[in-house]
Amino acid sequence: MDILNKLLEMIDFDAFLASLPYMGKGMLGIFIVTVIIVVFVNALNNIPEKTKKDRK
Amino acid sequence: MADLLANFATLEWKQVAMWIIGALLIYLAIKKEMEPSLLLPMGFGAILINLPNSGAQHVIDVLFKFGISNDFGELMPLVLFIGIGAMIDFTPLLTNPKLMLFGAAAQFGIFFTLCLASLFGFDIKDAASIGIIGAADGPTAIAVSMELGSKYIGAIMVAAYSYMALVPLIQPPIIKLCTTKKERLIRMDNTQGKTPSKLTKILFPIVVTVIVGIVAPDAVALIGFLMFGNLIRECGVLNSLSETAQKVLANLITIFLGITIAARMRAEEFLTWETLLIIGLGLFAFIFDTFAGVMLAKLMNLFSKKKINPMIGAAGISAFPMSARVVHKMGLEEDNQNFLLMHSIGVNVSGQIASVIAGGLILTFFS
């Protein structure tokens, strides 16, 4: 019971609401960077590899 | 005789409690083989630092100052990243780059836990440091929490490394809870896609460093050292350096890293109500990482013709390679001909990159 009371005392709902935008920005940021990397990797994978034959 | 016992008289119960915690960490490392390379040094360090008037305090403080504190740029975790980068083979990811999206989704636990920690009254920088436990990546967690000046680094590290070791216990029930039997039976195409060229493997670490560096400049050290290690591995002309980075360098840093963390495991700092809360919040971080990775796979299945086994999304946490193995094993338990390893490894290494990006974004937001 003491633990529950202590937990309830600690709760700061305003701080929770203030932190929510960071969750949105953080996840959006990760997905944007990831999509850019995926596009680059796809582009890299499409670069034709020069064989020794081609170089000759 | 009185002189010999004088030190004993200064012993406090909290120090004895820390010896027990240290002994527990050593037990878990040896008997249960849970992250032994870190939990054992941390456990021994916890005993060492909590002996009354311990003569080891000064040397561990010096190691902490030069190796971990941000006065000297969090040297140890960053150098360890060179070794980790040299160990990682990104081929499965480069063969199927869209797997990276699962790595991104599985960082949700970091930000969700940040919000939860704020709800429980932690200052936003401490909340962000607690959230980073969800990166499931020790060096990132150390570097971020030090950079943000968190006073809870001891508890954060114990939680991060303990849960990384507990991935085989934490993830399966969450995965089962989020998926149906039918979804777990989905077989994925195991035919190799186009094998990435050597040029792709060399350009990949450079391109990732530049992209992440531009978006999250504070992450340059983290991603840069990781990718530098990978470049050494993939360039093909530095095999000896690559081997040194993978074995000698990584082992050397690991020995010191664990025992140095003990500098923040002094009884008066560690035995607090907040430590218990941080350990609880860390578990939430791992649970919600797993949940988000699986959910993204389920969401993609709604729009995709080629179905994805949603379990592979769970491998997006960067606990490498345990998480990939857990998913592969679960796939085999459902259907002994369902081999998910190639896909789950690809997702798992993408989680390594995504967790560093997450760490960098957190530093950009709060440092």
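# Reading a predicted two-chain helical model

Author: Chain B comprises 20 helices and 0 strands. The model is predicted, and chain A comprises 3 helices and 0 strands, in the order α-α-α along the sequence.

Reader: What confidence scores does the model carry, and what is the mean pLDDT of chain B?

Author: The model scores ipTM 0.85 and pTM 0.86. Confidence per residue is expressed as pLDDT, on a scale from 0 to 100. Chain B has a mean pLDDT of 90, and 99% of its residues reach 70 or more. Among the elements of chain B, helix α1 (residues 2-9) has the lowest mean pLDDT, 78, whereas α8(B) has the highest, 95.

Reader: How should the overall dimensions of chain B be read, and what radius of gyration does chain B have?

Author: The radius of gyration can be set against a rule for globules. A compact globule of 367 residues would have a value near 21 Å, and chain B agrees because its own value is 21 Å. Along its principal axes, the C-alpha trace of chain B spans about 80 × 45 × 40 Å. As for contacts in chain B with a separation of 6 or more, 75% join residues 24 or more positions apart.

Reader: Which percentage of the residues is buried in chain B, and which in chain A?

Author: The criterion is a count of neighbours: a residue with 20 or more other C-beta atoms within 10 Å is buried, and one with 12 or fewer is exposed. In chain B, 56% of the 367 residues are buried. In chain A, buried residues make up 18% of the 56 residues.

Reader: Which residues have the most contacts inside the largest nonpolar core?

Author: In soluble globular proteins, nonpolar side chains tend to be buried together. Here the largest nonpolar core has 139 residues, and B:Ile156, B:Met157, B:Ala262 and B:Ile357 have the most contacts inside it. The element that gives the most to this core is α20(B), with 13 residues. Leaving aside residues up to four places away in sequence, B:Ala262 touches B:Met42, B:Gly45, B:Ala46, B:Leu48, B:Ile49 and B:Ile60.

Reader: How does the length of α20(B) compare with the span expected at 1.5 Å a residue, and how many of its residues are buried?

Author: From first C-alpha to last, the 26 residues of α20(B) reach 37 Å, close to the expected 38 Å. Of these 26 residues, 23 are buried, so α20(B) is largely enclosed by the rest of the structure.

Reader: What does a pair of residues distant in sequence look like in space, taking B:Leu231 and B:Ile202?

Author: One compares the separation along the chain with the distance between C-alpha atoms. B:Leu231 and B:Ile202 are 29 residues apart in sequence and 6.1 Å apart in space. B:Leu231 lies in helix α15 (residues 220-235) of chain B, and is buried because 21 other C-beta atoms lie within 10 Å. Beyond residues up to four places away in sequence, B:Leu231 touches B:Ile202, B:Pro205 and B:Ile206.

Reader: How many residues of each chain are in contact across the interface?

Author: The size of an interface is often given as the accessible area lost when the parts come together. In this model the description is by residue contacts: 36 residues of chain B are in contact with 28 residues of chain A. On the side of chain B that touches chain A, at least two residues each come from α7 (100-105), α8 (108-119), α9 (124-131), α14 (198-215) and α20 (341-366). The most come from α14(B), with 9 residues. By class, this side of chain B has 29 nonpolar, 5 polar and 2 charged residues.

Reader: Which residues other than glycine have a positive phi, and are they buried or exposed?

Author: Two cases may be set side by side. B:Asn53, with a positive phi of about 55 degrees, is found in the loop between α3 (36-49) and α4 (57-67) of chain B. B:Asn53 counts as exposed because it has 9 C-beta neighbours inside 10 Å. B:Ala136 also has a positive phi, near 55 degrees, and lies in the loop between α9 and α10 (138-147) of chain B. B:Ala136 is buried, with 33 other C-beta atoms within 10 Å.

Reader: Where is there a cis peptide bond?

Author: The omega angle identifies such a bond: omega is about 0 degrees for the cis peptide bond that joins B:Phe320 and B:Pro321. B:Pro321 is placed in the loop between α18 (273-303) and α19 (322-334) of chain B.

Technical notes: Residues numbered from 1 in each chain as written. Chains lettered and ligands numbered in written order. Contact = placed C-beta atoms within 7 Å. Helix = DSSP H or I, 4+ residues; strand = E, 2+ residues; numbered from the N terminus. Nonpolar A, V, L, I, M, F, W, Y, C, P; charged D, E, K, R; others polar. Core = buried A, V, L, I, M, F, W, Y, C linked by C-beta atoms within 7 Å. Rg over C-alpha atoms; globule rule 2.2 N^0.38 Å. pLDDT = per-residue confidence, 0-100. Expected span 1.5 Å × (residues − 1).
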